[in-house]
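User: Could you take me through the pockets, the helix packing and the backbone of this model? I would like to begin with how its elements are named.
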Amino acid sequence: MKLSQTNIELKAVLVAGGEGSRLSPFTKYTHKALLPIFDRPVIDFALATIRQAGIRDITIIANRHLGQIAKHIGEGLEDERIHYVIENRPMGVANALNLARPHVEGHRMLLYFSDNITTWDFSSNGDEFRKATDPPGAVLLAREVENPGEFGVCNLDEDGRIVGIVEKPADPPSNLAIGGIYLFDERFWTYLDEAVGLSEVGFSISDVTKRYVEDGDAVVHNLGESTWIDCGTPMSLLRAGNMASEGIINAGPEFKGG
């Protein structure tokens, strides 16, 4: 597949789905992405990573609390385009992504699940994706975890190279999990449709990422010293708040709001 243009726009989809049950009762009244990390809400840290990649077109998917998110962010920064998409009831990742599809299909994108916060800098990867003539594949972030059976886990060959991804395995082949922030080329939607059509137990984003890995079209960054936090529990929010107060993680400029 050959493209005739360069400097293709890179867009972002920020998935703030689910009910946030691990953060109940707070999520009965507000979205989990609006809970505080020190002096800023979770979503500001996610958007800071997206902006750092040079992305200015952002689609945000959220539940019934979407209006609260829109009130906080408004139109975003001066040069941004923010699209708000409501998920009236949780029906899985594939359904949420298809709701955002009209805003991003045909483009390369950064897919960001809002619970995640990282210090990884996507700016170089973003430039490569915008300039690549051929579809550049995928960029995945990996990290070591204590409970790999709860994640999409890297399957390694004898030389320690990643050759596949196994979703929530009962017997994990490694403790190296793929995190919830990805760069995908324009083939993503074709792979998603194929995975949904073949799935017998429900779609997982790992159904797409493992396709890129097995075809040799994925770059996997092991975070190493880079910070990664899953802000889905009160304890992880506390940890992230401490890191924000120390300047280890940064939420970037504040929004004007709606």
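Analyst: Helices and strands are DSSP runs numbered from the N terminus, a strand having at least two residues. Please note that the model is predicted.

User: Then where is Phe-38 found?
Analyst: Phe-38 is found in the loop between E2 and strand E3 (40-41).

User: What is the sign of phi at Phe-38?
Analyst: Phi is positive there, at about 60°, although Phe-38 is not a glycine.

User: And which residues does a cis peptide bond join?
Analyst: The cis bond joins Ser-24 and Pro-25, with omega of about 10°. Pro-25 lies in the loop between strand E1 (10-16) and strand E2 (36-37).

User: Now the pockets. What volume does the largest pocket have?
Analyst: Its volume is about 1400 Å³. The lining consists of 49 residues, and those closest to the centre of the pocket are Arg-22, Asp-115, Asn-116, Phe-151 and Asp-230.

User: Which element gives the most to that lining of the largest pocket?
Analyst: Strand E11 does, with four residues. Elements that each supply at least two residues include helix H3 (93-104), strand E8 (138-144), helix H6 (206-214) and helix H7 (234-245).

User: How many residues of each class are in the lining of the largest pocket?
Analyst: There are 19 polar, 17 nonpolar and 13 charged residues in this lining.

User: What about the second largest pocket: how much space lies in it?
Analyst: About 190 Å³. It is lined by 14 residues, of which Ala-48, Thr-49, Gln-52, Thr-118 and Asn-250 are the closest to its centre. Helix H1 (42-52) and strand E7 (116-118) are the elements that give two or more residues to this lining. H1 gives the most, with five.

User: And the classes in the lining of the second largest pocket?
Analyst: Seven residues are nonpolar, six are polar and one is charged.

User: Turning to the helices, at what angle do H5 and H6 pack?
Analyst: Helix H5 (residues 188-198) packs with H6 at an angle of about 120°, and their axes are 9 Å apart. H5 is therefore oblique to H6. The crossing in which H5 passes H6 is right-handed.

User: Which residues in H5 and H6 meet?
Analyst: From H5 they are Phe-188, Tyr-191, Leu-192, Glu-194 and Ala-195, which meet Asp-207, Val-208, Arg-211 and Tyr-212 in H6. By class, this contact of H5 with H6 has six nonpolar and three charged residues, and no polar ones.

Terms used: Residues are numbered from 1 along each chain as its sequence is written. This is a predicted model: local features need pLDDT of at least 70, side-chain atom pairs count only at pLDDT 80 or more; totals for chains, interfaces and linings use all residues. Side-chain values use heavy atoms; hydrogens and water are left out. On a 1 Å grid over the protein atoms alone, a cavity is a set of points where a 1.4 Å probe fits but cannot get out, and a pocket is an open set with protein on both sides within 12 Å along at least five of seven lines; lining residues have an atom within 4 Å of a point. Grid points are joined across faces, edges and corners, and a volume is the space filled by probe spheres set on the points. Ala, Val, Leu, Ile, Met, Phe, Trp, Tyr, Cys and Pro count as nonpolar, Asp, Glu, Lys and Arg as charged, and the others, Gly among them, as polar. Axes are lines fitted to C-alpha atoms, for helices over the stretch in contact, and angles run from 0 to 180 degrees between N-to-C directions. Angles under 35 degrees count as roughly parallel, over 145 as roughly antiparallel, 65 to 115 as roughly perpendicular and the rest as oblique. A crossing is left-handed if the near helix is turned anticlockwise from the far one by less than a right angle, and right-handed if clockwise. Contact means heavy atoms within 4.5 Å.
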